[in-house]
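Subject: Structure handover

Hi,

Here is the structure I promised to pass on to you. Have a look at it first, and then read on for what turned up.

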Amino acid sequence: MSSRNPSYTNPKPCKHLSDYKRKHGLNGYNLIQNHIKTSPHGKTTIETCESKAPTCSSCSGYQGRLYICLICSSVSCFLSPDSNPCALFHARSHVGHEISVDIERAELYCFGCCDQVYDPDFDKAVMCKHVMGLGRNENGVVGYGLRSSKRKRLGFVGGIVDLDSKCAKRLVSMRDRGSKSCFPLGLRGLNNLGNTCFMNSVLQALLHAPPLRNYFLSDNHNHEICRRRSPDQLCLSCDIDVIFSAVFSGERTPYSPAQFLYSWWQHSENLACYEQQDAHEFFISMLDRIHEKEGKAWNTIRENGDCQCIAHRVFSGLLRSDVTCMSCGFTSTTYDPCMDISLDLNSNTPSSTLVGCLDLFTRPEKLGSDLKFFCQDCQERRDSLKQMSIRRLPSVLCLHIKRFEHSSIRKMSRKIDRHLQFPFSLDMGPYLSSSIVRKRFGNRIFSFEGDETDISTDFEVFAVVTHSGMLESGHYVTYLRLKNQWYKCDDAWINEVDEEVVRASQSYLIYYVQKVLSHRVSEDLSCLLVSPRGDTFVPIAGCC
């Protein structure tokens, strides 16, 4: 448990940002608004001048990324603190010039802390730029309406004037323009809080995982009751419950999961920064934190050792590992729980298939000479074959595609950009332990201990987390499949896309759900007219 004060208050903001706002208010944000440009796909950048290729005003080059100072509007380049960057030299040479804006991403960066910083006022200034024709408030910054409870929870600074419902609907309609149909309930953008696309992409997938969605919308974890029971303890499940309530409330304006991010930081101090993180590591870390809370609080361990917390009930499966002695044929079998399955891409072909990756995962492999197996029958170390299979399938299957590899010899990491073809419907039957063992012995085994004949092996894809760009400066996006229609969730921006776009993407995490569960939960959700808290969902014009 974290040594920090376990409360639900936001951490202290960046000192340099606080000093800047105390001296200059929101004037810099107002000036930046005039230079914000958004592409048709929702990517937000800063336009500094008419030149098509902006350069550093100090070195006239372009090392790393370009940043514009909020005080003097000078443009400087920055790659890393160790690369003698112009932006860092500018901040240290001019007192009070620490806060700048990333031109390519329109995100705040503090060169005093050498880290990205998040400010809700800047977030709103960027988002509301896209509302054409809206008036400005007394501070000169365009604003849109937020509930007072949300402003209080996220620690918003006063001075942002709420707009009427027509203005809020205009923001929604602008984001939704170009869509072929109305958006289903629960489809809501998540604001980027500073390199948090890794978090937003995974959250979008989890928000629409049918069993997990059913659990939280059925009020099985009520954050109000939980916090009254343990007011001084952190609970990531409570923050997830808040997000579910917000996303399925019927509101369409982008939601800022700031409280969840701060809570996750306090659970995972080694990852508490605004630097880009790995989406897969975040997914596993998040499930671990849920398990720690749910498992201890409700004593959900069965007699057979299986945990019944919601994280394990939804995502937990069981892998079987068979190591066979190549001399006498003796086989040692072990079982290991898993929350996902990591798959290698086939390096021998320019394009891989998911079925091929699963075949590679369950294919027998000879262990190296340094990993010789101690055979109990031979009573010495022997060459051996190892084969993996799936003993028990989870309700929601997460397949992790290994796109990042590290070379211990070259001491460097690289990204694998190889395309992966994956089916929308997947039969996992051939990869079950019963199928693998029968195939190993020529289908001569007709009975199998603990046969999985009663387990559904047909799965349907419902979410795909993709990664584009380079290893150091990539971007995560999630594609959601809702009611047989695909939607692209790119932080705050949501667009309807064709399935060809999804198939052509660089998949990193692929989420499948059992077909039986998918159809059952979809039918139940379509009949849900009020929230589990008893609040009526507020429909928005043009949306389901």
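**What was found**

Let me start at a turn of the backbone: just after helix H8, Asp219 takes a positive phi of about 65°. Keep in mind as you read that this is a predicted model.

H8 itself covers residues 210-217, and 7 of its 8 residues are buried, so the helix is largely enclosed by the rest of the structure. The buried ones are Pro210, Pro211, Leu212, Arg213, Tyr215, Phe216 and Leu217.

**Two helices against H10**

What does H8 pack against? One partner is H10, at an angle of about 90° and with the axes 10 Å apart. That makes the two helices roughly perpendicular, since angles of 65 to 115 degrees count as such. On the H8 side the contact involves Leu212, Arg213, Phe216 and Leu217, and on the H10 side Ser237, Ile240, Asp241 and Phe244. Sorted by type, the residues of this contact are 5 nonpolar, 1 polar and 2 charged.

Helix H7 (residues 197-207) also packs with H10 (residues 236-247), here at about 75° with the axes 11 Å apart. H7 and H10 are therefore roughly perpendicular to each other as well. Leu203, Leu206 and Leu207 come from H7, while H10 brings Ile243, Phe244 and Val247. This contact has 6 nonpolar residues, with no polar and no charged ones. If you want one residue to click on here, try Phe244, which is listed in the contact with H8 and also in the one with H7.

**Aromatic rings**

How many aromatic pairs does the structure hold? There are 22 of them. One is formed by Phe198 and Trp264, a tilted pair at 6.0 Å centre to centre, with 55° between the planes. This pair links distant parts of the chain, as Phe198 is in H7 and Trp264 is in helix H11 (residues 258-267), 66 residues apart. Are these two buried or exposed? Phe198 counts as buried because its relative accessibility is 2%, under the 20% cut-off. Trp264 is buried too, with a relative accessible area of 0%.

Another tilted pair is Tyr476 with Tyr508, at 6.0 Å centre to centre and 40° between the planes. Here the link runs between strands: Tyr476 sits in E22 (residues 475-482) and Tyr508 in E25 (residues 507-514), 32 residues apart. Both tyrosines are buried.

Two more things to look up while you have the rings on screen. Tyr67, Phe78, Tyr109 and Phe111 form one aromatic cluster. And the charged end of Arg503 sits over the ring of Phe424, 3.8 Å from its centre.

**Around strand E3**

Ile68 is found in strand E3 (residues 65-69), and it is buried, with a relative accessible area of 10%. Its C-alpha atom is separated by 8.7 Å from that of Ala87, 19 residues apart along the chain.

Further along, in the loop between E3 and strand E4 (75-78), you will find Ser73. Ser73 has a positive phi of about 65° although it is not a glycine. Most residues other than glycine have a negative phi. Ser73 is partly exposed, at 45% relative accessible area.

Asn484 also has a positive phi of about 65° without being a glycine. Its place is in the loop between E22 and strand E23 (485-490). With a relative accessible area of 68%, Asn484 is exposed.

**A buried serine**

Ser321 is found in strand E8 (residues 317-325), and at 6% relative accessibility it counts as buried. What does Ser321 touch? Leaving aside residues up to four places away in sequence, Ser321 touches Ser332, Thr333, Thr334, Lys386, Gln387 and Met388.

**The chain as a whole**

To step back: the chain has 17 helices and 25 strands. Of its 544 residues, 52% are buried. Among contacts in the chain with a separation of 6 or more, 67% are between residues 24 or more positions apart.

Over to you!

Definitions and conventions. Residues numbered from 1 in each chain as written. Predicted model: local features only at pLDDT ≥ 70, side-chain atom pairs only at ≥ 80, totals over all residues. Heavy atoms only, no water. Axes fitted to C-alpha atoms, helices over the stretch in contact; angles between N-to-C directions. Helix = DSSP H or I, 4+ residues; strand = E, 2+ residues; numbered from the N terminus. Parallel < 35°, antiparallel > 145°, perpendicular 65-115°, else oblique. Contact = heavy atoms within 4.5 Å. Nonpolar A, V, L, I, M, F, W, Y, C, P; charged D, E, K, R; others polar. Buried < 20%, exposed > 50% of the residue type's maximum accessible area, 1.4 Å probe, protein only. Phe/Tyr/Trp six-rings, centres within 6.5 Å; stacked < 30°, edge-to-face > 60°. Lys NZ or Arg CZ within 6 Å of the ring centre and 35° of its normal.
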